[in-house]
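Got the model open in your viewer? Let's take a walk through it, one selection at a time.

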Amino acid sequence: MTTHSFASSLDALSGWRRALVSRLDEVSRFLGDHDLSDAAVQGQLDSLREQLGQQKLIVAFVAEFSRGKSELINAIFFADAGRRILPATPGRTTMCPVELAWDADEPPSLSLLPIDTRLSGQSLGELRNFAKAWKTVKLDVGNPEKLAESLREVMRTSWVSKDQAHELGFWNDETPDENPPLDDMGRVEVPAWRHALINYPHPLLKQGLVVLDTPGLNAIGAEPELTLSLLPTAHATVFILGADIGVSKSDLAIWRDHLSGDALSRFVVLNKIDAMIDPLATPEQVAEQIERQRTETARTLGVPAERVYPLSARQALAARVEGKAEALAQSRLPALETALGGELMPQRRTLLEHVVIDAAQQIEMHVARRLNDNRRQLAEQTLELRGLRGKSGAKLQMMLQRVDAETAEFEACTTKLQAMRVVHSRMLKDAMVGLSSDRLREEVSAMQQQMSASLLNLGAKKAFVALCQRLRALLGAGQKNSLEIRHMLEASFNRLNAEFGFGLVLNPGPDLDRFAAELDLIEKSYVQYLGLTQALRLSQPKFMEQFRRMLMSKLRVVFENASAELEMWNKSASAQVDAQLRERRRNFRRRRESLERIQAAASELETRLEELDAQDQRLQGFHGRCIELIDALRQQARTGTRGEVSSTITIDLPLDDSPTPLPLRLVKA
């Protein structure tokens with residue numbers, strides 16, 4: 001079985017990340033083995049390792065019913081099972097949003113969240129870690145028949161009254177055209193499940209891919225977390241249309257209301273081109289008809305024609321199951337996979353590359369400062385001991401007294417250090433108040449009050465924009481406080497360096513502007529959903545409460561990350577002071593012990609000088625080796641061009657009687 005460019009590109013990205021983690025481990029071991037690390041540096045190393053190891057690539061598949069979305073997912077990801085895995089039959093199949101991912105700490109399973117959890121007002125994010133709320137079905141990944149049978153559970157529906165459908169969010173008297181049909185008893189068919197998580201050990205999912213399979217317009221509108229959280233955070237969205245019908249009214253509603261945005265992350269698929277084959281037309285005429293449909297679709301959606309990919313998911317799945325390369329090419333699926341692999345992987349790689357290079361620079365600066373300070377102290381000791389050559393015992397005694405006096409003088413720095421710490425602690429506390437969860441909760445509550453004060457929440461967009469302005473002001477105030485802390489510490493460090501011989505140097509302060517940029521993205525993603533349609537939904541108390549909780553969870557991530565970065569930078573500055581204080585005290589002890597040994601035996605002088613010289617050579621070696629390791633980390637981060645990461649090299653995946661399982665698991669935002 002051969003998986004093409006998307007799989008090979010993701011595999012290349014994963015291999016690159018693993019190589020980076022290996023290089024990072026080398027740096028970490030070296031720093032730890034030679035006492036060149038501290039809590040702040042170790043925290044930075046751990047954070048970087050976690051980012052490299054847990055990066056997720058989220059691809060969302062969005063379509064109205066009967067567009068062949070599940071079949072496309074089967075063709076791209078699950079053909080190695082030798083049959084359809086996700087339900088893909090005519091009519092409505094996937095009734096609830098489905099996430100496919102892999103969590104190695106959990107067994108292969110299908111987790112289902114009952115639809116009535118919407119009545120509780122709890123957001124999907126809150127319920128993800130509440131295991132009792134979910135129904136879990138174990139998956140037999142070695143048996144395709146049983147696996148497919150288990151996954152059919154996502155199709156299950158139930159019939160409820162119109163009032164119940166209204167409470168669940170599937171019926172709205174204000175928008176009758178969007179309501180589902182009633183049966184003879186006046187009931188509404190709704191999905192049995194609110195959300196499904198498939199934990200499946202597929203090779204691509206193991207490498208961090210997360211597939212989000214979303215049902216039609218009615219289900220998308222009923223779940224605010226889809227439109228306000230899951231879809232906006234997807235790294236790419238594949239929008240599937242039927243090639244035989246083009247852009248329908250409901251297709252256009254999904255596109256305009258939920259997907260119009262950054263064109264680089266949007267891929268439009270014209271599926272079912274096999275339905276356009278006409279036995280009375282030549283292949284050239286069929287191809288021309290497909291191209292016209294492609295051009296018309298691009299014009300209707302306002303995207304370049306090259307962003308529209310005509311294909312046949314059914315043909316592609318059959319070709320891969322049967323191992324027919326020519327039939328796979330005729331399905332045109334490889335063109336979409338090439339586009340996905342060629343654009344998504346370089347974006348993720350570039351982001352991680354910048355993170356690694358910035359961290360490497362800070363680590364290198366830390367090690368250089370520490371080693372230079374140690375070498376400076378060794379040089380002072382060497383100069384002092386060389387001055388003792390040929391001196392009398394009285395001179396040695398005077399030197400001992402001088403060391404004691406210098407030690408006592410140095411210990412006077414503790415008073416100034418304590419004063420600096422008090423001021424630093426107070427300033428940091430003031431800076432953190434504006435970035436706290438309590439302050440964020442107050443601002444979101446103020447937004448909610450402003451929304452509720454307007455008729456039918458028609459002022460929702462205005463209140464939300466005002467909230468984002470206030471939150472940007474809080475981040476700006478945090479940046480200003482950070483600069484004030486830096487100026488205070490810089491002045492204090494300069495005094496300590498001049499008066500007590502420290503070698504303190506501040507790293508560049510934290511840049512909170514990038515968190516303001518994240519806030520801008522949240523505002524851009526959410527504001528398009530706060531028009532008249534959503535305002536009517538927000539007038540419903542339960543929907544409003546769910547929206548508030550979901551928004552809080554998104555904003556909390558931004559503010560917690562901002563406060564964590566500010567706190568880490570301040571801890572790094574404090575750790576540097578503590579480390580140099582310990583080292584200076586240790587140095588004074590060594591000087592005194594050295595002089596005492598020399599006083600006891602004159603021959604010890606030359607031996608001690610040789611020891612100091614050897615220590616200096618060793619420190620130089622440490623510095624050189626550290627630079628080599630960090631340069632190797634940087635080089636690994638820059639290794640390969642974008643073209644190499646998105647190459648179209650194929651990978652042969654082994655097929656046997658037990659197909660590789662495909663696990664899916666909930667993914668934290």
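**Start on a strand pair**

Select valine 62 and look across to β10: its bridge partner there is phenylalanine 239. Keep in mind as you go that this is a predicted model. Valine 62 belongs to β2 (57-62), and β2 and β10 run parallel, joined by four bridges.

**Along β10**

Now select residues 236-242, the whole of β10. Is this strand enclosed or left open by the rest of the structure? Seven of its seven residues are buried, so β10 is largely enclosed. Colour the two faces separately: Ala236, Val238, Ile240 and Gly242 point one way, while Thr237, Phe239 and Leu241 point the other way. Both sets are buried.

Next, add β11, residues 266-271, which pairs with β10 in the parallel sense over six bridges. Two spots are handy for checking the register. Threonine 237 stands opposite arginine 266, and leucine 241 stands opposite leucine 270.

**Out to the whole sheet**

Zoom out and select the rest of the strands around this pair. You should see an open sheet of nine strands with mixed pairing, in the order β5-β4-β8-β3-β9-β2-β10-β11-β12. Which strands stand at the edges? They are β5 (135-138) and β12 (308-310); each has a single partner strand, so one side of each is left without a neighbour in the sheet. Turn the view to look along the sheet and follow the twist, which averages 20° from one strand to the next.

**The helix across the sheet**

Select residues 333-386 for helix α14. This helix lies across β2, β10, β11 and β12, and runs at about 170° to β11.

Keep α14 on screen and add α3, residues 69-77. How do these two helices meet? Their axes come within 11 Å and cross at roughly 75°, which makes α3 roughly perpendicular to α14. To see the contact itself, show side chains for Leu72, Ala75 and Ile76 of α3 and for Leu333, Leu336 and Glu337 of α14. By class, that is five nonpolar, no polar and one charged residues.

Stay on α3 for a moment. Nine of its nine residues are buried, so the helix is largely enclosed by the rest of the structure. That includes Lys69 and Glu71 as well as Leu72, Ile73 and Phe77.

**Two cores**

Time to look at the nonpolar packing. The largest nonpolar core has 88 residues, and the ones with the most contacts inside it are Leu31, Phe61, Leu72, Phe77, Leu209 and Leu336. You have already had Leu72 and Leu336 on screen, in the contact between α3 and α14. Helix α14 gives the most to this core, with 16 residues.

Then jump to Phe410, Ala460, Ala516 and Val558: they are among the members of a second, separate core of 51 residues.

**Last stop: the full view**

Show everything. The protein has 23 helices and 13 strands. Of its 669 residues, 51% count as buried. If you draw contacts between residues at least 6 apart in sequence, 84% of them join residues at least 24 apart.

How values were computed: Residues numbered from 1 in each chain as written. Predicted model: local features only at pLDDT ≥ 70, side-chain atom pairs only at ≥ 80, totals over all residues. Heavy atoms only, no water. Pairing = 2+ DSSP bridges. Axes fitted to C-alpha atoms, helices over the stretch in contact; angles between N-to-C directions. Contact = heavy atoms within 4.5 Å. Buried < 20%, exposed > 50% of the residue type's maximum accessible area, 1.4 Å probe, protein only. Parallel < 35°, antiparallel > 145°, perpendicular 65-115°, else oblique. Nonpolar A, V, L, I, M, F, W, Y, C, P; charged D, E, K, R; others polar. Core = buried A, V, L, I, M, F, W, Y, C linked by side-chain atoms within 4.5 Å.
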